[in-house]
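Open the model in your viewer and keep the selection box handy. We will go from stop to stop, choosing a few residues each time and looking at what is around them.

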Amino acid sequence: MDTWKRPITEEEFRSIYHTIYNGFSNHKPNPQVALILKAEANLGIRISDVLKLRLKDFIKINGTKEILLEDGRKQETVVSEIYIRILEKKTKKQRNLPINPLFYEDLVGFVTERKPRKGEELIPTKEQFIFTVDERWVQYVLRAANNYLGLPENEISTHSFRKLYAMNIYEASGHDIYLVSKLLQHSSVTCTQRYLGLVADDVKNFSQSIYI
């Protein structure tokens with residue numbers, strides 16, 4: 001497993017997120033970089049794709065869902081789902097991925113509150129980019145936060161947040177590696193196993209479990 005790109009833990013994520021969001025040492029509060037890292041952890045897309053997101057990339061679809069009432073009767077209710085539609089920079093593949101509506105609200109709230117860049121409208125439009133910084137700046141702030149928190153700089157990069165998303169899906173799905181591979185748009189399951197560092201660990205765990 002490439003230690004430079006290991007998944008961070010949820011505890012590490014919370015520490016890094018709140019440290020960057022609230023400010024630390026000689027670094028001012030930086031809600032934008034904090035949200036960029038949160039986007040990787042919640043959407044599972046690469047930072048290059050996060051940084052080019054626009055509000056128009058998010059689609060709300062209304063539908064109906066059947067729910068079971070306490071008295072046993074079934075009732076249809078209207079539900080709204082949010083999808084993100086992107087063309088991945090690396091794979092050139094189109095993705096339509098359902099996301100948590102609470103995270104969508106985080107993004108909309110950020111765009112609404114941030115100061116517009118030169119040339120942008122005062123009132124945000126769907127054509128505007130959500131974020132206004134580049135990848136180098138995100139990496140710089142992340143390294144500084146890691147040093148401040150005493151986290152290993154050589155093990156954690158922005159990609160670690162995408163890997164946190166992958167690990168959470170892997171655990172929540174009952175270790176469905178095929179599902180994770182599909183969500184990450186990997187070319188093969190073997191690629192996903194290497195990505196998460198599962199092969200060596202699985203061999204070790206299964207080998208140690210054998211006793212007849």
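**Stop one: the sheet**

Start by selecting strand E2 (residues 74–87) together with E3, which pair in the antiparallel sense over six bridges. Please keep in mind that this is a predicted model. To find a matching pair across the two strands, pick Ile-86: it stands opposite Arg-95 in E3. Now follow the chain from one strand to the other. E2 and E3 form a hairpin with six residues between them, and in the turn you can click on Lys-92, which has a positive phi of about 65 degrees.

Next, add E1 to the selection. You now have an open sheet of three strands in the order E1-E2-E3, with antiparallel pairing. Strand E1 (58–68) and E3 stand at the edges with a single partner strand each, so one side of each is left without a neighbour in the sheet. Neighbouring strands here are turned by 35 degrees against each other on average, direction ignored.

Before leaving, show the side chains of strand E3 (residues 94–99). Which of them are buried, and which are not? The side chains alternate along the strand: Arg-95, Leu-97 and Ile-99 point to one face and are buried, while Gln-94, Asn-96 and Pro-98 point to the other and are not.

**Stop two: the core**

Now select Ile-20, Phe-58, Ile-84, Ile-130 and Phe-131. These are the residues with the most contacts inside the largest nonpolar core, which has 52 residues. The largest share of this core, eight residues, comes from H2. In soluble globular proteins, nonpolar side chains tend to be buried together.

Centre the view on Ile-130. Leaving aside its neighbours within four places in sequence, Ile-130 is in contact with Leu-53, Arg-54, Leu-55, Phe-58, Leu-107, Phe-110, Val-111 and Arg-114. Stay with Arg-54 for a moment and add Phe-129: the charged end of Arg-54 sits over the ring of Phe-129, 3.9 Å from the ring's centre.

**Stop three: aromatic rings**

How many aromatic pairs does the model have? The count comes to seven. One of them is Phe-24 with Tyr-148, a tilted pair with 5.2 Å from centre to centre and 45 degrees between the planes. Phe-24 lies in the loop between helix H1 (10–22) and helix H2 (31–43), and Tyr-148 in helix H5 (residues 135–149), so this pair ties together parts that are 124 residues apart in sequence. Phe-24 counts as buried, at 5% relative accessibility.

For another tilted pair, select Trp-137 and Tyr-140, whose ring centres are 5.2 Å apart and whose planes are at 35 degrees. Both sit in helix H5, three residues apart, so about one helical turn separates them. Trp-137 is partly exposed, with a relative accessible area of 38%, and Tyr-140 also counts as partly exposed at 38% relative accessibility.

Finish this stop with Phe-13, Tyr-17, Tyr-21 and Phe-161, which ring pairs link into a cluster.

**Last stop: a buried arginine**

Select Arg-162 in helix H6 (residues 159–172). Is Arg-162 buried or exposed? Arg-162 counts as buried, at 0% relative accessibility. Show what surrounds it: apart from neighbours within four places in sequence, Arg-162 is in contact with Glu-40, Gly-44, Ile-45, Arg-46, Leu-184, His-186 and Tyr-195.

Note on methods. Residues numbered from 1 in each chain as written. Predicted model: local features only at pLDDT ≥ 70, side-chain atom pairs only at ≥ 80, totals over all residues. Heavy atoms only, no water. Phe/Tyr/Trp six-rings, centres within 6.5 Å; stacked < 30°, edge-to-face > 60°. Helix = DSSP H or I, 4+ residues; strand = E, 2+ residues; numbered from the N terminus. Buried < 20%, exposed > 50% of the residue type's maximum accessible area, 1.4 Å probe, protein only. Lys NZ or Arg CZ within 6 Å of the ring centre and 35° of its normal. Pairing = 2+ DSSP bridges. Core = buried A, V, L, I, M, F, W, Y, C linked by side-chain atoms within 4.5 Å. Contact = heavy atoms within 4.5 Å. Axes fitted to C-alpha atoms, helices over the stretch in contact; angles between N-to-C directions.
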